[in-house]
Amino acid sequence: MATEKTDVVIVGMGAVGGILAAELGKAGMKVIGLERGPRLSTADFSGQDELRYFQRQDLRPNAKRQPVTWRASANAAAKPLPILNYGNQAGGGTVHYGAVSWRFHEDDFRVRSQTIQRYGSSAIPKDSSLIDWPLTYADLEPFYDRAEYELGVSGKAGNLEGRKIEGGNIFEAPRRREYPLPPLLADQSGLIFEEGAHKLGHHPFSTPRAILSQSYHGRPSCTYCGFCQAFGCHVGAKSSILVTKLPEADATGNFKLLTGTMCFRVNSDNSGRVTGVSYYGPDGSTNTIEAELVILATFIYDNTRLLLVSKTRKFPNGLANSSGQLGKHLMAHITPRVFATFEDRFVNIYMGPNAQKHSLDDFNADNFDHSGLKFIRGGQISVSPADLEGGPIGAAMSMNPPPGIPRWGAAYRDFLAKYFARYAAVIAQTENLPYADQTIDLDPTVRDQWGLPAPRLTYDWRRPNELARIEFLTGKLEQLAAAMGATRYWRSPMGAGAPGAHHEGGTRMGDNPKTSVVNRYGQSWDIPNLFIIGSSTFPTMSGFNPTLTIQALAYMSADAIVNRYKKNPGRLV
Amino acid sequence: MKRREFLTLPAAAIGGTLLYTLAGEPMRLQAQNGTVRVPLRFFTAEEAKVITAACARIFPSDASGPGATEANVVIYIDRQLAGPYGRDKYRYTKGPWVESYPEHGYQGKASPSETYREGLKMLGDFASLSPANQDAKLRSIEKSHFFQLLRQHTIEGMFCDPMHGGNAGLIGWQLVGYPGPQMSYRNEVDKHFGQPWRPKPASLEQIAGRPGKPWEDEKG
Ligand SMILES: Cc1cc2nc3c(=O)[nH]c(=O)nc-3n(C[C@H](O)[C@H](O)[C@H](O)COP(=O)(O)OP(=O)(O)OC[C@H]3O[C@@H](n4cnc5c(N)ncnc54)[C@H](O)[C@@H]3O)c2cc1C
């Protein structure tokens, strides 16, 4: 049992934790980072073994020891999910992510008012807890810019200070300058996607990714090996926190990383402040850190769970939860897919960065008119391998064979033999609305390896608005597959409601302490020296992947802590 | 300790002697005589024969190409079942053992190795049935957890890196036209538009220039 004192303790060293560690360390604050996983390095990723990393998910939390349970409704019994989609080592999810890096649209920050203004309040489902963000795109733009330039993102601008540029995403929000790096080369699937999309009058472009198209800040450019999503990058061209912010944090001399440490409680006294955290060390010991400032950066499950298990007499429903909003409004992307095979051409889709290779944004956000449609919002559309991973195990396991082809036997073998190098998947990633009854709480029976109750998700996307949106987008995917010249295309089955990738919500941000857990900086309304940062604070989720927005928010919080909170440690809003 | 069991295989099945033409025609190079005896870790020789026969119906070998038998899928499965995976290293195993939504995956009590012991009972004298009767047998158990695993493992054993015991001679990769875990396509990614690109596939060991060990063995 050890006790240490520091200025700041950051729990979780992923996308969020790494940025705060580097920025606060640079400002002279003494920072201790707790990370339950190990710290790997680029040299550890020399053996790209599909079985190990994709199929057995070796870089992700182990479902046996760190279970998360899910049920579709409050009446059902929750069971552990077999696969956990977030980080489990220094660098967190950015070590094995696909590195797709978007800025959200302007209207993504004001979905409620945008919807009411354009379609009237009756367009919002009665049971949805849809709200606007407590900040605008313009507030976040400087931090998007910083994240893109400091981390290294490749792409082409589609909207430079309001000027639309063909070839980039013309629907994107205005940016002050070009991306720091030109777009990655398009692979063959990207080129046929582009051709098909143009035929339909859409606006395709190379997906912006935190992968270096040229050497940058001493790191080499991408080799197009195709091992991104689920894998660590073998040359360090993926701009993960491991190769960007952690070295910066080390260089400050103010940062200490404790790996193999599991935070199990946020400690507080009765003065309305937190005093630090307790954690289990790698040897199972119980230890305490006393800190002036506690930052939770553990992804949505533990951001919520740690507050729930740290309840006190003052906060009987979870620390910092006087609003009663803690654990509510869980959201996740759902990804309808259409598989396409080609008779007359090879596609060789295993080449090149493998997540959302080429995209279009025509049916995302409020980029199209929803009048007469039975839903609001939309989804981002892209071309990818079957499960955003290029190898043959991934293709075989994730792609249901087309109607008429059995799942095993000679005809199945021949199908794979002929089409592995001649297929592409077209995928939509949909924005689903927040609902208060989609929640994270503590599982009453399932416990993790440390004896903590597992986070329990109650969630079902199969609601009228979501079903209509998915049907609409799947129709667009089919049109695209046909326009791309596919000889055959077919849908992937949709499942029974479990949350997909990219989870959001649980510690909602807002501008009212009565209806939200944190303010725009991730600062707890109840406890000013407690910050909770990450997609758990998102009021709505956008059809875009979340991480660049998570990182921009982390930069914004760091800026507010360094320039305002440090001098005057009280409420920032 | 149980008696050491071996699987006897034609030497040609071990080590890169099967190649494919672009049309998917198998070409046997330097056909060798003789056999190799592979020590088994989980199955008995008898059980390995049954599993080999079952995998051969999932990914058959015939005039149009080789399949699970030539790829040594059974050795892959044998290694996996004998290791941490076979003992359920990746699954929450404290109950309550109630099946629910498909997204939860299998929620029963049996570990993969236990599931195979049960599955072998279901398969019975499978190896001695005619191919048509073998297919009928598999169809009758198609919904079982055992069959789901067997199918998954056959795919894994066909397409995994050969250090795991399957994909012998890289025939799975040759079959589908996958070059293996190449470390760069920088010179390829924007070329070959619409055309096949079929270099000789390479395994991790060949690419890294040193023998690879499955990570599960490394950790013991
Ligand atoms: C396979 C995959 C692909 C993805 N691809 C993309 C993509 O292309 N684009 C995109 O935008 N997003 C992508 N994501 C999502 C992305 O990884 C996350 O949005 C991002 O990593 C979240 O950042 P975070 O800092 O909140 O959490 P994480 O990065 O997950 O970091 C949290 C860290 O906290 C640690 N931790 C958790 N609890 C505790 C505790 N109690 N004590 C100590 N440590 C703890 C964890 O081990 C982890 O390292 C992908 C995710 C997955 C799983």
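How many helices and strands make up the secondary structure of chain B?

1. In this predicted model, the secondary structure of chain B amounts to eight helices and four strands. Along the sequence, these elements follow the pattern β-β-β-β-α-α-α-α-α-α-α-α. Chain B has 220 residues, of which 40% are buried, and among its contacts between residues at least 6 apart in sequence, 65% join residues at least 24 apart.

2. In chain A, an open sheet of four strands runs in the order β4-β3-β18-β17, with mixed pairing. Because β4 (79-80) and β17 (439-447) of chain A stand at the edges with a single partner strand each, one side of each is left without a neighbour in the sheet.

3. The partnership between β17(A) and β18 (residues 453-458) of chain A is antiparallel and extends over five bridges; within it, A:Ile440 of chain A lies opposite A:Leu457 in β18(A). Helix α7 (residues 299-309) of chain A packs on this sheet, where it touches β17 and β18 of chain A, and its direction makes about 75 degrees with that of β17(A).

4. The ligand is surrounded by 42 residues, and the closest are A:Gly12, A:Gly14, A:Gly92, A:Gly93 and A:Gly98. Two or more residues of this shell come from each of α1 (15-26), β2 (31-35), β9 (262-268), α7 and α11 (547-565) of chain A, and α1(A) gives the largest share, three residues.

5. As for the classes of residue in the shell around the ligand, 18 are nonpolar, 21 are polar and three are charged. Helix α7 of chain A thus appears in two settings, for this helix packs on the sheet and also gives residues to the shell around the ligand.

Conventions:
Residues are numbered from 1 along each chain as its sequence is written. Chains are lettered from A and ligands numbered from 1 in the order in which they are written. This is a predicted model: local features need pLDDT of at least 70, side-chain atom pairs count only at pLDDT 80 or more; totals for chains, interfaces and linings use all residues. Two strands pair if DSSP finds at least two bridges between them. Two residues are in contact if their C-beta atoms, placed from the backbone, lie within 7 Å. Axes are lines fitted to C-alpha atoms, for helices over the stretch in contact, and angles run from 0 to 180 degrees between N-to-C directions. A residue is near a molecule or strand if its C-beta atom, placed from the backbone, lies within 6 Å of it. Ala, Val, Leu, Ile, Met, Phe, Trp, Tyr, Cys and Pro count as nonpolar, Asp, Glu, Lys and Arg as charged, and the others, Gly among them, as polar. A residue is buried if 20 or more other C-beta atoms lie within 10 Å of its own, exposed if 12 or fewer, and partly exposed in between; C-beta atoms are placed from the backbone.
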